[in-house]
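Hi everyone, thanks for coming. Please have the sequence and the 3D view open while I talk, and stop me whenever you get lost.

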Amino acid sequence: MYIAKIRLLLDSHNFCRDYFADIILPTLFCSPMEKHYLCKDMVKMLLLNDRYHSMQDFLLGLPPRMDEEGERVYDGKRNLIKRFLLPDGEPLIVKRYHRPRFINLFVYSWNLRQPKGIRAFQYATILRKHGIGTPEPIAYMEDRSGSLLRESWLITTECPYKHLLYEMGTAEPAVYEPVAKALAAFTAHMHEEGIVHKDFSPGNILWDKDQNDNIVFSLVDINRMYFGPVDIHRGCANFARLWGPKRFIELLIRDYARLRHLDEAEALRIAFAAREKFWTRYQRHHEIPFPYER
């Protein structure tokens, strides 16, 4: 009876559909060498990048310092992100996930679904193996009370890119045209590799120019990913949340369709339909934060 109730609960929260991507798939890609069980006070380190093995004591000491030390990057209702420096001066990012609430407390504590930080660590490993830019994962740590998950921490390298795609909201053609072309190539490669960022929004896509003046991208907040075949519908709908002039989106979709050998007219139809649906729903509760063109 209890198992049936848990299954019903999972179905109602759409957890089952992501079970393979969230739990099974990462275990196939991630090396056992990443698993560590080191403790300091109540903090247990579960995952550690072998490249930072000599820094494990320093890393374990970061969670207690989060409230008073570090450079604040983001402080929201659910997460706190701060910047610290390793003893050798290398910058790193520490993200603290607050204690899960209500049903999620049991879902994450009983491993019915992997905690967000574990998924983000493992997904970063997968993305980097496929040549998709994302900060390198360093460590994942937890604090539990008995078997119940309290706070958890994900530590990664810092992405040096200085721009976010929010800038496309009011960008001029000279700025958004090369970004559209580069983003189309980046996303087409990712989708051809069978990977979709399920929160493909401007705040999660950092960009800059490399030493050869090429536009490059890096994905963050990657705990929600899809792994599997990416057809025209899933791929083109993935652009719905992006900011920018209508022409920016059109250039982006046309190049994306060309690179993936998709029907261009159908790609545009799907992308703009998904975009309209998302921003119409968004507008019911918020003001659209950029000049939206229908």
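Let's begin at a turn. Strand 4 and strand 5 form a hairpin with five residues between the strands, and in that hairpin Gly89 takes a positive phi near 95°. Before I go further, please keep in mind that this is a predicted model.

Now look at the two strands on either side of that turn. Strand 4 covers residues 79-85, and seven bridges join it to strand 5 in an antiparallel arrangement. If you want one pair to find on your screen, take Phe84, which stands opposite Leu92 of strand 5.

Strand 5 has another partner too. Six bridges join strand 5 to strand 7, residues 148-157, and these two also run antiparallel. Here the pair to look for is Lys95, with Leu154 of strand 7 opposite.

So is strand 5 mostly buried or exposed? Six of its seven residues, in the stretch 91-97, are buried, so the strand is largely enclosed by the rest of the structure. While we are on strands, here is a rule to take home: in a regular strand, side chains alternate between the two faces of the sheet.

Let's move to another sheet. This one is open, has three strands in the order 8-10-11, and its pairing is antiparallel. Which strands sit at the edges? They are strand 8, residues 163-164, and strand 11, each of which pairs on one side only.

We can walk across this sheet pair by pair. Strand 8 is joined to strand 10 by two antiparallel bridges, and His163 has Trp207 of strand 10 as its bridge partner. Then strand 10, residues 205-209, pairs with strand 11 over five bridges, again in the antiparallel sense. In that pairing, Ile205 is partnered by Leu219 of strand 11.

Strand 11 is an edge strand, and yet four of its five residues, 215-219, are buried, so it is largely enclosed by the rest of the structure. What lies across this part of the sheet? Helix 6 does: it lies across strand 10 and strand 11, running at about 50° to strand 11.

Now zoom in on the hairpin of strand 10 and strand 11. There are five residues between the strands, and Asp213 there takes a positive phi near 70°. Asn214 is also in the loop between these strands. Asn214 is partly exposed, because its relative accessible area is 41%, and partly exposed means between 20% and 50%. Leaving aside residues up to four places away in sequence, Asn214 touches Asp208 and Lys209. Asn214 and Val179 are 35 residues apart in sequence, and their C-alpha atoms are 9.8 Å apart in space.

Just past strand 11 comes a loop leading to strand 12, residues 225-227, and Asp221 is found in it. Asp221 has a positive phi of about 55° although it is not a glycine. With a relative accessibility of 32%, Asp221 counts as partly exposed.

Next, the helices. Helix 6, residues 173-192, and helix 8, residues 246-259, have axes that come within 8 Å and cross at roughly 35°. The crossing is right-handed. Among the residues making this contact are Tyr176, Val179 and Leu183 of helix 6, and Phe248, Leu251 and Leu252 of helix 8. How do the contact residues divide by class? There are 13 nonpolar, two polar and five charged.

Helix 8 also meets helix 9, residues 264-283. Their axes come within 9 Å and cross at roughly 135°, which makes helix 8 oblique to helix 9. This crossing is right-handed as well. The contact includes Ile249, Ile253 and Ala257 from helix 8, with Ala267, Leu268 and Phe272 from helix 9. By class, the contact has seven nonpolar residues, no polar ones and five charged ones.

One last stop, in the loop between helix 8 and helix 9, where His261 is found. Like Asp221, His261 is not a glycine but has a positive phi, here about 60°. Is His261 buried or exposed? His261 counts as exposed, because its relative accessibility is 73% and the cut-off for exposed is over 50%.

That's my tour. Thank you for listening, and I'm happy to take questions!

Technical notes. Residues are numbered from 1 along each chain as its sequence is written. This is a predicted model: local features need pLDDT of at least 70, side-chain atom pairs count only at pLDDT 80 or more; totals for chains, interfaces and linings use all residues. Side-chain values use heavy atoms; hydrogens and water are left out. Axes are lines fitted to C-alpha atoms, for helices over the stretch in contact, and angles run from 0 to 180 degrees between N-to-C directions. A crossing is left-handed if the near helix is turned anticlockwise from the far one by less than a right angle, and right-handed if clockwise. Contact means heavy atoms within 4.5 Å. Ala, Val, Leu, Ile, Met, Phe, Trp, Tyr, Cys and Pro count as nonpolar, Asp, Glu, Lys and Arg as charged, and the others, Gly among them, as polar. Buried means under 20% relative accessible area, exposed over 50%, partly exposed in between (1.4 Å probe, protein chains only). Two strands pair if DSSP finds at least two bridges between them. Angles under 35 degrees count as roughly parallel, over 145 as roughly antiparallel, 65 to 115 as roughly perpendicular and the rest as oblique.
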